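Q: Please take a close look at one part of this predicted model, namely the charged side chains that pair with one another and the surroundings in which they sit.

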Amino acid sequence: MPDPVATIRVLSLVKARITAEMENFLGDDAWAAQLLARLLQVDQIPIRMMALETAMGEMGDNRMRAKFFDVVDSTMADLKELEVTGQSLDPELLPRVTQIRNSIAS
């Protein structure tokens, strides 16, 4: 049986590596992409919306909010383009992104 502490350490290292790769690839947008990815993992709509409201409230200024909106907006555009080209998408993904976009746009 694997050691739980060792397993947690390995998972922490993997998460750190993924985060570093995202930051290298996305640059300044990495934090916004990570936030969106975490929000999209929340299945319950009220909890997702509460998490979104909390995250928006913690953003220090309008630039951060605008950057997050840009990431959400470009993600939605990319997903719509994939859908038009016939790419297989999780059927819940586009509605979740749309809901987040509409919530922060209003």
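A: D43 is exposed, because its relative accessible area of 52% lies over the 50% cut-off. In this predicted model, D43 sits in the loop between α2 and α3, and its side chain forms a salt bridge with R96, in which the closest N and O atoms are 2.8 Å apart. The pair links distant parts of the chain, since R96 belongs to helix α5 and lies 53 residues away from D43. R96, in contrast to its exposed partner, is buried, with a relative accessible area of 9%.

R96 also forms a salt bridge with E92, and here the closest N and O atoms come to 2.4 Å of each other. E92 counts as partly exposed, at 43% relative accessibility. Through the shared partner, the salt bridges join D43, E92 and R96 into one network.

A search of the whole structure finds four salt bridges, and one of them lies between the side chains of D61 and R63, with an N to O distance of 3.6 Å. In that pair D61 is partly exposed, with a relative accessible area of 27%, whereas R63 is exposed, at 69%.

R48, a residue of helix α3, touches both D43 and R96, yet R48 is buried and has no salt bridge. The nearest side chain of opposite charge is that of D43, and it is 5.7 Å away from R48, which does not count as a salt bridge because the cut-off is 4 Å. The side chain of R48 instead reaches the backbone oxygen of V42 at 2.9 Å. Leaving aside residues up to four places away in sequence, the contacts of R48 also include L39, Q99 and I100.

Two of these contacts lead on to the nonpolar surroundings. I100 is among the residues that touch the most other members of the largest nonpolar core, a set of 20 residues, together with L36, L52, F68 and V72. The elements that give two or more residues to this core are α2, α3, α4 and α5, and α2 gives the most, with six. Helix α2 is mostly covered, eight of its eleven residues being buried, and L39 is one of those buried residues, as are L35, L36 and L40. F68 touches both L39 and I100, and its further contacts, not counting residues up to four places away in sequence, include W31, L52, M56 and I104.

Notes
Residues are numbered from 1 along each chain as its sequence is written. This is a predicted model: local features need pLDDT of at least 70, side-chain atom pairs count only at pLDDT 80 or more; totals for chains, interfaces and linings use all residues. Side-chain values use heavy atoms; hydrogens and water are left out. A nonpolar core is a set of buried Ala, Val, Leu, Ile, Met, Phe, Trp, Tyr and Cys residues joined through side-chain atoms within 4.5 Å. Buried means under 20% relative accessible area, exposed over 50%, partly exposed in between (1.4 Å probe, protein chains only). Helices (H or I, at least four residues) and strands (E, at least two) are DSSP runs, numbered from the N terminus. Contact means heavy atoms within 4.5 Å. Lys and Arg count as positive and Asp and Glu as negative; His and the chain ends are not counted. A polar contact is a pair of N or O atoms within 3.5 Å; within protein, one must be able to donate a hydrogen and the other to accept it, and residues adjacent in sequence count only if both atoms are side-chain atoms.
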